[in-house]
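Biologist: I would like a close look at a single part of this model, with its surroundings filled in as you go. Please take your time and explain the terms along the way.

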Amino acid sequence: MEDAKSRMDSKHSPVIEVYDHDEFDIFTGNVTYATYGYYGDGSLHPIELAPPLPSKKCPGCGRKLCRLANRSTSSELAVVYYIDQVCKNCGYWEQWIDCSSASCFVKKFSVARLRKFSLSDKELPYRSMIRWLEKHPSDVYYINPLRFEEVVRGALSTAMDVELAMTVASRDGGYDLFAYDSQGGKIIVEVKRYARHRKIGVRFVRHLAGVVLREGAYKGILVSTSDFTKFAIQEAEAFRRKIREHPIEIEFKSFQELLPWLAVERVRLDSELENEQYWEAKFEKLGSVWLPL
Ligand SMILES: [Zn+2]
């Protein structure tokens, strides 16, 4: 079974259904009481004289929805009331807007859209990726290698208590992540989302040691979903011991070792959904694309 997975066959990649966290533009009309809304499945429905009411339960996981504090905005022209409801478990949200002015009344609602993602999809939302990998670590071989860097960043930042940054903008630096420790020392991280049989050998250690030197860093970390060869480990030991003035520390981390920290990252992401400020920021963005009358 592992071999089949190691082939990274994206055709067989598991499919995950998640509520999309992207903002979702929605129709609104300045006609009296006739507008349209999207339901969770993405279909468009006209709302006639009796628009649907806010949901009581989350259509995704069945939990009770949480209603955020009532808010409204008003100008000389119109008064706008918002009802924002969220699921603090799965991330579903919905927003109901009543806008009234002297000339007309508009009702509008938008809801998070349920989307399907293949695990190998580059667009897979981060939270869903972490949640899935925590439960199915052997599916890591389906994850897009670039997205895997984000997984490592999340887990390793927590494990090391530093803020790792990605070098995505300029990929020619020869490393994927970096951080400065509390003393200002630089740490370089190289991430390999390799098939299980493709081991990390000596040349990876030499390459990373070279980058560590060039960057004036003191430590390099090699993270891989595959194993490290005996010679690679010996080579790292040589870099540590043989350069007296500037010992280079090369550390190896397997994906397995990161799993407990992945769990910590998942808890952090879940607690984000509990945070009302997280939701307020989301709705503020959503509201800003919609102009009152
Ligand atoms: Zn839910």
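Modeller: Happy to. Two strands pair if DSSP finds at least two bridges between them. Strands (E, at least two residues) and helices (H or I, at least four) are DSSP runs, numbered from the N terminus. With that in hand, let us look at strand β11, residues 177-180, which pairs with β12 in the antiparallel sense over four bridges. Please keep in mind that the model is predicted: local features need pLDDT of at least 70, side-chain atom pairs count only at pLDDT 80 or more, and totals for chains, interfaces and linings use all residues. Residues are numbered from 1 along each chain as its sequence is written.

Start with the partners of β11. Leu-177 faces Val-189 across the pairing with β12, and Tyr-180 has Lys-186 of β12 as its bridge partner. The two strands make a hairpin with five residues between them, and in that turn Gly-184 has a positive phi of about 90 degrees. To the other neighbour, β10, the pairing is again antiparallel, over two bridges, and here Ala-165 stands opposite Phe-178. The two faces of β11 are unlike: Leu-177 and Ala-179 lie on the covered one, Phe-178 and Tyr-180 on the uncovered one.

Now step back to the whole sheet. It is open and has five strands, ordered β10-β11-β12-β13-β14, with mixed pairing. At its edges are β10 (165-166) and β14, each with a single partner strand, so one side of each has no neighbour in the sheet.

Just before β10 comes a loop from α3 (145-160), and Asp-161 is found in it. Asp-161 has a positive phi of about 55 degrees although it is not a glycine. A residue is called buried if 20 or more other C-beta atoms, placed from the backbone, lie within 10 Å of its own, exposed if 12 or fewer, and partly exposed in between. Asp-161 is exposed, with 9 such atoms within 10 Å.

A helix belongs in this picture too. The buried residues of α4 pack against β12 (186-192), β13 (219-224), α5 (230-242) and β14 (249-254). Those buried residues are Phe-204, Val-205, Leu-208, Ala-209 and Val-212. Seen down the axis of α4, they fall within an arc of 130 degrees (taken from the directions from the axis to the C-beta atoms), so they line one face of the helix. The face turned away carries the exposed residues Arg-203 and Arg-214.

Leu-208 ties these pieces together. Apart from neighbours within four places in sequence, Leu-208 is in contact (C-beta atoms, placed from the backbone, within 7 Å) with Ile-188, Glu-190, Gly-220, Leu-222 and Ile-250. Leu-208 is also among the five members that touch the most others in the largest nonpolar core, a set of 59 residues; Val-189, the residue opposite Leu-177, is another. Such a core joins buried Ala, Val, Leu, Ile, Met, Phe, Trp, Tyr and Cys residues through C-beta atoms within 7 Å.

Notes:
Contact = placed C-beta atoms within 7 Å.
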